Amino acid sequence: MTAPTKPPHTSPADPASGPPSGESLHSPVIDWFDENARDLPWRRPEAGAWGVMVSEFMLQQTPVNRVLPVYEQWLARWPRPADLAKEAPGEAVRAWGRLGYPRRALRLHGAAVAITERHGGDVPADHAQLLALPGIGEYTAAAVASFAYGQRHPVLDTNVRRVFARAVTGVQYPPNATTAAERKLARALLPEDEPTAARWAAASMELGALVCTAKSESCHRCPIAAQCAWRLAGKPEHDGPPRRGQTYAGTDRQVRGRLLAVLREAHGPVPQSALDQVWHEPVQRARALDGLVADGLVEPLADGLYRLPLT
């Protein structure tokens with residue numbers, strides 16, 4: 001059960017005194033997190049570094065409620081990287097189900113193979129070694145090093161970037177892509193000692209996920225509302241290009257998803273004729289299938305047959 005929310009931090013703040021410092025933000029946000037953090041399986045000690053890594057791949061652009069059942073099934077089947085590495089990559093795509101963006105499944109499989117071959121089956125703790133794994137970018141390497149190994153790294157996902165944009169920069173939304181200025185700010189806000197820095201990374205992310213949300217932010221529940229530059233400025237509207245939500249219906253993404261659904265449910269190769277049934281428009285359907293083949297998600301065989309990749 002979630003503990004009751006603490007009242008907002010109410011220390012006086014003067015908008016003329018400049019943006020809040022890291023020191024003034026750390027304690028209220030971490031204290032709030034200590035009482036309100038969700039009990040998620042990848043946050044438990046038994047998850048280990050592999051559990052953290054799997055969660056980070058799955059949570060990219062996908063909400064927690066959709067990830068939870070797939071995550072549990074994945075870790076039950078492949079509790080260690082070596083367990084996944086010895087399977088065909090197509091099995092990772094099959095188990096990914098309808099999480100979306102299935103190339104993440106192939107990347108996670110590739111990372112598992114590299115961990116098995118280079119690191120004896122243990123997810124490396126070294127940030128540079130994490131970054132060298134296939135499919136691991138700047139964010140994921142920092143997240144695994146911080147959340148799994150308690151290291152001091154700026155962890156900049158969309159939620160953290162939004163918290164920093166509002167609380168410190170005074171704007172409603174961060175830029176569409178992470179900027180050098182955001183990285184510099186994140187480094188400046190990091191606590192000096194590693195355990196506090198790792199806790200701060202998780203706490204600021206949770207604050208963005210639960211309170212400082214993209215829509216209908218709950219400032220009355222925010223532990224740093226009294227210091228928030230955006231709130232003190234009167235919550236100015238977003239000044240920039242319109243923020244459009246991603247459409248899905250009728251897109252190539254939808255067609256790709258339907259094609260993959262047929263292949264995931266099949267126990268062997270699937271004929272072209274079966275794939276032709278999933279979408280009425282032949283040009284878009286062919287383009288989506290070609291894209292799946294180019295991305296390594298589908299393997300074409302002789303005689304017009306297709307399957308999930310074995311190699």
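Visitor: In which handedness does helix 8 pass helix 11?

Guide: In this predicted model, helix 8 passes helix 11 in a left-handed crossing.

Visitor: Which residues make that contact?

Guide: Helix 8 brings Tyr139, Ser146 and Phe147, while helix 11 brings Ala198, Ala201, Ala202 and Met205. Sorted by character, the residues of this contact are six nonpolar, one polar and no charged.

Visitor: At what angle do helix 8 and helix 11 pack, and how far apart are their axes?

Guide: Helix 8 spans residues 138–149 and helix 11 spans residues 194–210; they pack at about 120°, and their axes are 9 Å apart. Angles of 65 to 115 degrees count as roughly perpendicular and those over 145 as roughly antiparallel, so these two helices are oblique to each other.

Visitor: Now the interior, please. How many residues does the largest nonpolar core have?

Guide: The general idea first: in soluble globular proteins, nonpolar side chains tend to be buried together. Here, the largest nonpolar core has 52 residues, and those with the most contacts inside it are Trp50, Met53, Met58, Trp74 and Leu108. Several helices supply at least two residues each, including helix 2 (48–59), helix 3 (64–77), helix 6 (103–118) and helix 8.

Visitor: Which helix gives the most to this core?

Guide: That is helix 2, with seven residues.

Visitor: And what does Trp50 touch?

Guide: Leaving aside residues up to four places away in sequence, Trp50 touches, among others, Trp74, Leu75, Trp78, Leu84, Leu108, Ala112 and Val123. Pro79, Arg80 and Pro81 also belong to its contacts. Apart from the largest core lies another core of 30 residues, among them Phe33, Phe164, Leu207 and Val211.

Definitions and conventions. Residues numbered from 1 in each chain as written. Predicted model: local features only at pLDDT ≥ 70, side-chain atom pairs only at ≥ 80, totals over all residues. Heavy atoms only, no water. Axes fitted to C-alpha atoms, helices over the stretch in contact; angles between N-to-C directions. Helix = DSSP H or I, 4+ residues; strand = E, 2+ residues; numbered from the N terminus. Parallel < 35°, antiparallel > 145°, perpendicular 65-115°, else oblique. Left-handed = near helix turned anticlockwise from the far one by under 90°. Contact = heavy atoms within 4.5 Å. Nonpolar A, V, L, I, M, F, W, Y, C, P; charged D, E, K, R; others polar. Core = buried A, V, L, I, M, F, W, Y, C linked by side-chain atoms within 4.5 Å. Buried < 20%, exposed > 50% of the residue type's maximum accessible area, 1.4 Å probe, protein only.
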